[in-house]
Amino acid sequence: MQPRTGRFVRNLKSLALSWAFTLGAVAQPTAAADRPHNVVLFIPDGLRALVVSDQTAPTISAIRDKGVNFKNPHSLFPTFTTPNAAAMATGHYPGDTGDFSNTIYAGFPVPGAGGSLTPFLESDPVLGDVDEHFAGDYLDEVTLLKAARDAGISTATIGKLGPALIFDHTDRTGAPTIVVDDSTGSPSGIPLSQEVQAAMTAAEIPLAAPSRGDNGKAGTATTPGTKVANAAQQDYFADVATKVVLPLFKARNRPFVLVFWSRDPDGTQHNQGDSLNQLTPGINGPTSLASIKNADENLRRIRQALADLGLSNTTDIFVTADHGFATISKETKTSPSARGSYADVPAGFLPPGFVAIDIATALGLQLYDPDAKSAPVAANSHPSRSNGLIGPDPAKPDIVVAANGGSDLVYLPKQDKKIAARVVSALLAQDYVSGLFVDDLLGRFPGTLPLSAINMKGSALTPMPAIVVNFRTFSTDCEQPLTCAVEIADTGLQQGQGMHGSFSRADTMNFMAAIGPDFKSGFIDEAPASNADVGKTLARILGLQIKDNGKLIGRVLTETMPGGARPRYVVRVMRSGPAAGGIRTECAGVSPATPAATTALPVNPSLLRSAASGTKIEPARLSHGGAKPSKRARRDRSPAARSRPRLSRQFAGLGVAVRWQPDRTPRVPPAEPDMWRPIVRSGASGRNRRWHDLLRRWYRRAATRGRG
């Protein structure tokens with residue numbers, strides 16, 4: 001039996017990083033061969049895990065059923081495309097990459113975005129501008145494809161504009177990595193190498209990508225959006241992948257990585273015209289189902305090409321969506337913005353930019369439109385793209401709102417704590433808000449949780465949001481509430497169309513599966529797995545040693561590999577202090593039951609239990625009910641809880657629910673000296689300071705003795 005000190009420090013290490021919601025890898029897989037297997041990473045943008053079946057997506061369903069079925073997948077919050085693309089590409093969380101949402105506050109006028117301070121990152125020119133401003137690499141982390149090409153592995157990224165390029169965004173020559181997206185063949189696109197141009201010409205494939213056509217039509221408040229999937233454009237991308245890139249890689253006779261980012265079903269679910277201003281069928285109509293089938297067909301063609309080229313047995317296929325999806329609602333009973341009269345918004349509905357309008361109204365400040373050369377936003381009008389600059393001078397705003405959809409980012413460039421308090425108060429009064437997260441440096445505000453709790457505070461180079469606003473989610477009457485979820489969204493799209501970005505389980509539950517020689521067959525993985533884990537897992541398969549700058553990193557999904565054991569984890573709930581009326585922000589997450597790796601690695605927080613009851617489907621939400629203790633809190637004060645080891649109870653007094661677990665894992669090296677700091681920052685009161693000192697002494701003593 002190991003000394004109690006060693007066991008306690010291991011639990012300390014596990015628990016300290018539970019504020020980042022961590023999960024440690026518990027086994028090392030069998031070592032890869034000298035020559036790594038090929039990798040195809042297929043991203044069906046916005047594919048919901050629970051809608052995949054043999055009928056809706058037979059190819060994707062077969063990979064899930066015959067390979068690894070990730071039963072507990074997690075999109076990173078905010079559940080948008082570029083943060084999750086950055087996570088897959090680097091294995092890091094948004095707090096490190098600085099890719100906090102599709103639209104961010106850049107801190108400078110971005111030329112590729114028309115000089116806006118709030119650029120939309122799904123653009124090759126915008127990514128180039130942001131890279132240039134932030135020392136050549138706005139993510140400040142080495143991406144999977146860059147590391148692979150540096151190791152002599154062939155690389156290509158094909159598909160949706162923005163996320164496809166993020167996988168190798170620092171090189172814009174098109175030579176080391178093949179890049180084909182919406183902008184291919186245009187002046188704003190990444191050029192094609194002579195080798196690729198010749199191969200495309202020989203295959204009779206145009207050198208310029210087609211547009212989305214009718215699929216790109218979003219409609220208006222009176223005109224329905226698209227009724228067709230993004231078939232033509234994605235057929236083009238599939239042609240490039242199957243007729244040019246894979247044969248080229250076969251001829252090179254060396255390992256390769258192919259990233260294929262399918263815009264469907266995301267683009268079609270956003271724009272679909274099946275449900276104008278109605279919550280049903282929402283994103284479950286025929287147009288959305290056609291888009292799922294379209295993505296599935298693209299993957300079928302890639303698998304067939306691999307088989308025809310004799311590459312199936314040496315290629316791993318990892319399928320992961322960047323996020324889930326929900327139907328848009330624009331209804332509210334509290335928002336001042338909904339009382340205005342707008343030419344393009346139905347009466348009583350929330351207008352685009354309602355967060356910016358409501359904050360400006362509550363604080364009595366002028367609102368400006370960053371996407372219209374900082375023009376003032378007049379009464380009964382709204383920002384053109386929902387973003388806003390608030391304050392006397394738009395060149396030096398007090399507040400910046402980067403609107404995104406199911407959640408928004410609020411920046412305070414001057415870091416004014418008094419303004420932060422006023423903004424928080426204004427947002428807590430709105431019925432569309434369902435969870436607020438505030439920059440740790442601004443202090444604690446009742447009713448909110450810190451950004452560090454959701455892995456959004458790390459080593460990022462881009463400006464950090466002061467407040468992340470999660471919007472309310474509910475469900476309509478259907479058998480599985482997660483498939484008919486509805487969320488308030490700050491967007492120019494209409495009620496009844498589709499959106500994502502919230503902390504709802506409907507948005508965090510992305511589809512995830514894998515198959516190939518480096519994965520188990522017929523394996524169901526119950527452990528939480530996030531998109532940050534995808535990047536680290538693929539790097540392990542490819543034998544890449546990538547240096548990390550930040551510390552908010554994913555884990556290798558070793559349990560899915562031959563010889564890998566199932567990890568053990570526990571669920572913990574985090575609750576803020578109550579604001580007026582007993583309002584709290586709550587979220588749930590997981591942490592390792594016992595650490596078994598040198599460093600515990602983060603997993604995105606999300607509610608793990610099923611929402612079959614049809615009510616709680618939001619892992620981050622505002623709760624009402626005053627200071628009534630939770631079931632967990634009541635249990636921790638029960639006689640059974642009081643009979644636990646003394647240190648467990650005292651440590652629980654620091655604001656963390658502690659569970660002692662039998663520790664049968666091997667010893668590990670001691671944690672880094674700052675491992676205890678997240679606990680000190682967790683808001684423990686002065687009466688527990690002596691326990692901080694005790695913990696620090698115990699840690700130092702164990703570290704000195706060389707025990708983990």
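1. In this protein, residues 24 or more positions apart account for 73% of the contacts with a separation of 6 or more, a contact being heavy atoms within 4.5 Å. The model is predicted: local features need pLDDT of at least 70, side-chain atom pairs count only at pLDDT 80 or more, and totals for chains, interfaces and linings use all residues. Residues are numbered from 1 along each chain as its sequence is written, and side-chain values use heavy atoms, with hydrogens and water left out.

2. Of the 708 residues, 63% count as buried, that is, under 20% relative accessible area with a 1.4 Å probe and protein chains only. The accessible surface comes to about 25200 Å², with 52% belonging to carbon and sulfur atoms; areas come from the Shrake-Rupley method with a 1.4 Å probe.

3. The protein has 20 helices and 27 strands. These are DSSP runs numbered from the N terminus (helices: H or I, at least four residues; strands: E, at least two).

4. One open sheet of eight strands has the order β6-β5-β7-β2-β8-β21-β3-β22, with mixed pairing; two strands pair if DSSP finds at least two bridges between them. Strands β6 (177–181) and β22 (523–525) each have a single partner strand, so one side of each is left without a neighbour in the sheet. From one strand to the next, the twist averages 10°.

5. Within this sheet, β8 (residues 315–320) and β21 (residues 512–515) run antiparallel and are joined by four bridges. Phe 318 has Ala 514 of β21 as its bridge partner. Helix α11 (residues 286–308) packs on the sheet and touches β2 (38–44), β7 (256–262), β8 and β21; its direction makes about 170° with that of β2. Axes are lines fitted to C-alpha atoms, for helices over the stretch in contact, and angles run from 0 to 180 degrees between N-to-C directions.

6. A further open sheet of eight strands, also of mixed pairing, follows the order β11-β10-β12-β13-β14-β17-β15-β16. Its edge strands, β11 (375–376) and β16 (449–450), each pair on one side only. Strand β15 (residues 433–438) pairs with β16 in the parallel sense over two bridges, and Leu 449 in β16 is the bridge partner of Phe 437. Helix α12 (residues 354–363) packs on this sheet, its contacts including β13 (399–403), and its direction makes about 160° with that of β13.

7. Helix α9 (residues 231–252) shows a kink of about 30° centred on Ala 241, the bend being the angle between axes fitted to the seven residues ending at a residue and the seven starting there. After α9 comes Asn 253, whose phi is positive, near 60°.

Key. Buried < 20%, exposed > 50% of the residue type's maximum accessible area, 1.4 Å probe, protein only.
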